[in-house]
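Trainee: I would like to go through this chain step by step. Where do we begin?

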Amino acid sequence: MDHLSSQRRPLSDRLGLEGELLAVAPLRLGELGAATRLPTVARAHATHLLWQRHLGVDLGVRGSEGLS
């Protein structure tokens, strides 16, 4: 939870990763970042999207079907 809450501040999307992340969802969180052109930055932005509720995780489902 601490990791997620660290992404609560406003974040500009200067690199256009939000569109890339949402386009490749649903994938596992690790695969989500890897499917973009900037995996390391995309993983941090994905955490921000989770906190802002632009991206969701179904904790009751195992595997890639849990992320939407």
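Mentor: We begin with a term: helices here are DSSP runs of H or I with at least four residues, numbered from the N terminus. The model is a predicted one.

Trainee: In what order do the elements of the chain run from the N terminus on?

Mentor: The secondary structure comes to four helices and zero strands. Read from the N terminus on, the order is therefore written with helix symbols alone under that definition: α-α-α-α.

Trainee: Is histidine 45 buried or exposed?

Mentor: Histidine 45 sits in helix H4, residues 39-51. Its relative accessible area is 5%. Buried means under 20%, so histidine 45 counts as buried.

Trainee: Which residues does histidine 45 touch, not counting those up to four places away in sequence?

Mentor: A contact needs heavy atoms within 4.5 Å. With residues up to four places away left out, histidine 45 touches Leu11, Ser12, Asp13, Glu18 and Leu21.

Trainee: Which helix gives the largest share of the largest nonpolar core?

Mentor: That core has eight residues: Leu17, Leu21, Leu32, Ala42, Ala46, Leu49, Leu50 and Leu55. Helix H2 (17-24) and H4 each supply at least two residues of this core. The largest share, four residues, comes from H4.

Trainee: What share of the exposed area do carbon and sulfur atoms supply?

Mentor: Of the 68 residues of the chain, 25% count as buried. The chain exposes about 4,600 Å². The part of that area supplied by carbon and sulfur atoms is 55%.

Methods:
Residues numbered from 1 in each chain as written. Predicted model: local features only at pLDDT ≥ 70, side-chain atom pairs only at ≥ 80, totals over all residues. Heavy atoms only, no water. Buried < 20%, exposed > 50% of the residue type's maximum accessible area, 1.4 Å probe, protein only. Areas by Shrake-Rupley, 256 points an atom, 1.4 Å probe, with all protein chains shown as cover. Core = buried A, V, L, I, M, F, W, Y, C linked by side-chain atoms within 4.5 Å.
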